[in-house]
Amino acid sequence: APALRLRGCGGGGRGARLVFSCSASSSSPSGEGGFSGKVGFLGLGIMGAPMASNLIKAGCDVTVWNRTRSKCDPLLSLGANYEPSPADVASSCDVTFAMLADPESAVEVACGANGAAEGMAPGKGYVDVSTVDAATSKLIGKHITSTGASFLEAPVSGSKKPAEDGLLIFLTAGDESLYNRVASLLDVMGKSRFFLGDVGKGADMKLVVNMVMGSMMVSFSEGLLLSEKVGLDPNTLVEVISQGAISAPMFSLKGPSMVKAAYPTAFPLKHQQKDLRLALSLAESVSQSIPTVAAANELYKVAKSLGLADQDFSAVIEALKAKEEQNK
Ligand SMILES: NC(=O)C1=CN([C@@H]2O[C@H](COP(=O)(O)OP(=O)(O)OC[C@H]3O[C@@H](n4cnc5c(N)ncnc54)[C@H](OP(=O)(O)O)[C@@H]3O)[C@@H](O)[C@H]2O)C=CC1
Ligand SMILES: O=CCCC(=O)O
């Protein structure tokens, strides 16, 4: 019998809440209340590959596509099917997930030539788990729903390791019946899910979370460098922080390698900068001032110009080091 597992489920509508419930479907999406049908997955990068892999391992019938074809191979070895375009995946599957880099690629894959919308039809669903802004998500949703299919945005909190471990947090919004239909699939890939209302609310939540994270990383970087400059061991700073009120897994996880100037990529710096850019635009849309985020964004831009776009976002500390050098 499948093991019982605690899962957090966001309540519906406005003011979503975290309600814990027991789910008996941690390892299998099929069964009562589960998903029966074919699942498509578009975009097999750092996040998409382990998410699709977990669906396959849970027994789902998965069909994959990725712009760079070779990234499909490990999934095909696990038993996935392949289709040569997003449209072909969408037309051969009941529900299709997409995990793309940014707004431009998410729109291209969903709405472009041979895009997923071309393969959509009534009864099918499209779940975009990429991090994009609300306007992009609404545009994609409009294309998908114009075919009679349903649309759910479901960006995720959690990085490479939670994706591998099936411990992501889904921030969903859009079609609530599609949300309920794919709940068991989300539970294979994640540890909790929130339904936040109309399309755009999931994207907004994701950008707010990531803008906090991006600024935290800059502040942490400044602390590491200052501690070293005043003769403290930055490793001790990491340890002290880990025991106090500002303890965060991110600091404990990334601090030791940052001290060694190593930035193995879990969350690419270029994506963090994209999220800060989108968060700044979100804040602008409601005349909210977010000066700390604006300053952090400038540092990520400097880091990109130093050739660090594909390193982990913790490499932003190198932008501070470069500024130090300039000031000498
Ligand atoms: N990494 C992380 O920790 C997290 C990332 N995210 C978000 O998830 C999304 C994916 O992130 P991640 O997996 O890390 O990113 P990657 O850069 O590893 O993967 C990006 C994916 O997008 C595809 N892609 C890029 N441009 C195009 C295009 N023009 N047409 C078609 N496909 C394209 C890539 O294809 P190809 O292989 O051909 O390049 C690849 O499959 C991003 O929105 C990111 O912000 C969210 C939570 C955590
Ligand atoms: O978008 C990336 C989020 C990374 C994380 O939540 O650890």
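The points below go through the two ligand sites, one central strand and three individual residues of this structure.

1. The model is predicted, and this should be kept in mind for each of the distances, angles and areas that follow.

2. The shell around ligand 1 holds 27 residues, and those that come nearest to the ligand are Asn-66, Thr-68, Lys-71, Ser-159 and Lys-274. By character, this shell is made up of 12 nonpolar, nine polar and six charged residues.

3. Three polar contacts of ligand 1 can be followed one by one in the model. An oxygen atom of ligand 1 has a backbone N or O atom of Leu-44 at 3.2 Å, and an oxygen atom of the ligand is likewise 3.1 Å from a polar backbone atom of Thr-131. With Glu-108 the side chain is involved, since one of its N or O atoms is placed 3.5 Å from a nitrogen atom of ligand 1. As for cover, ligand 1 taken alone exposes 900 Å², of which the protein buries 90%.

4. Which helices each supply at least two residues of the shell around ligand 1? They are helix H4, residues 103-111, and helix H11, residues 269-285; H4 gives the most, with three residues. At the level of domains, ligand 1 lies between domain 1 (5-195) and domain 2 (204-327), because both of them give residues to its shell.

5. The residues around ligand 2 are Ser-157, Gly-158 and Ser-159, together with Lys-206, Asn-210, Met-213 and Phe-267. Ser-159 therefore deserves a look from both sides, as it is listed among the residues that come nearest to ligand 1 and also among those around ligand 2. The shell around ligand 2 divides into two nonpolar residues, four polar ones and one charged.

6. Where do the polar contacts of ligand 2 fall, on the backbone or on side chains? For Gly-158 a backbone N or O atom lies 2.8 Å from an oxygen atom of the ligand, whereas for Lys-206 the atom concerned is an N or O atom of the side chain, at 2.8 Å from an oxygen atom of ligand 2. Asn-210 also uses its side chain, with a polar atom placed 2.8 Å from an oxygen atom of the ligand. On its own ligand 2 has 240 Å² of accessible area, and the protein covers 79% of this.

7. Helix H8, residues 201-229, gives the most to the shell around ligand 2, namely three residues. Domain 1 (5-195) and domain 2 (204-327) are both represented, each with at least three residues in this shell.

8. Strand E10, residues 168-174, is mostly covered, with six of its seven residues buried. Strand E8 (residues 150-153) runs antiparallel to E10 and is joined to it by two bridges, and here Glu-153 stands opposite Ala-173 of E10. Strand E9 (residues 156-157) also pairs with E10 in the antiparallel sense, again over two bridges, with Val-156 having Phe-170 as its bridge partner in E10. The pairing of E10 with strand E11 (residues 190-195) is parallel and extends over five bridges; in it, Leu-171 is partnered by Phe-194 of E11.

9. Is Lys-229 buried or exposed? This residue, whose place is in helix H8, has a relative accessible area of 62%, and because the cut-off for exposed is over 50%, Lys-229 counts as exposed. Between the C-alpha atoms of Lys-229 and Val-89 the model gives 54 Å in space, while the two residues are 140 apart in sequence.

10. Two loop residues merit a check of their backbone angles. Ala-261 has a positive phi of about 55° although it is not a glycine; it is located in the loop between helix H10 (249-259) and H11. With a relative accessibility of 38%, Ala-261 counts as partly exposed, because this value falls between the 20% and 50% cut-offs.

11. Ser-287, which is not a glycine either, has a positive phi near 55°, and is found in the loop between H11 and helix H12 (291-305). Its relative accessibility is 71%, so Ser-287 is classed as exposed, the cut-off being over 50%.

Notes
Residues are numbered from 1 along each chain as its sequence is written. Chains are lettered from A and ligands numbered from 1 in the order in which they are written. This is a predicted model: local features need pLDDT of at least 70, side-chain atom pairs count only at pLDDT 80 or more; totals for chains, interfaces and linings use all residues. Side-chain values use heavy atoms; hydrogens and water are left out. A residue is near a molecule or strand if one of its heavy atoms lies within 4 Å of it. A polar contact is a pair of N or O atoms within 3.5 Å; within protein, one must be able to donate a hydrogen and the other to accept it, and residues adjacent in sequence count only if both atoms are side-chain atoms. Accessible areas come from the Shrake-Rupley method with a 1.4 Å probe; for residues, only the protein chains shown count as cover. Helices (H or I, at least four residues) and strands (E, at least two) are DSSP runs, numbered from the N terminus. Ala, Val, Leu, Ile, Met, Phe, Trp, Tyr, Cys and Pro count as nonpolar, Asp, Glu, Lys and Arg as charged, and the others, Gly among them, as polar. Domain bounds come from an automatic or database domain assignment. Buried means under 20% relative accessible area, exposed over 50%, partly exposed in between (1.4 Å probe, protein chains only). Two strands pair if DSSP finds at least two bridges between them.
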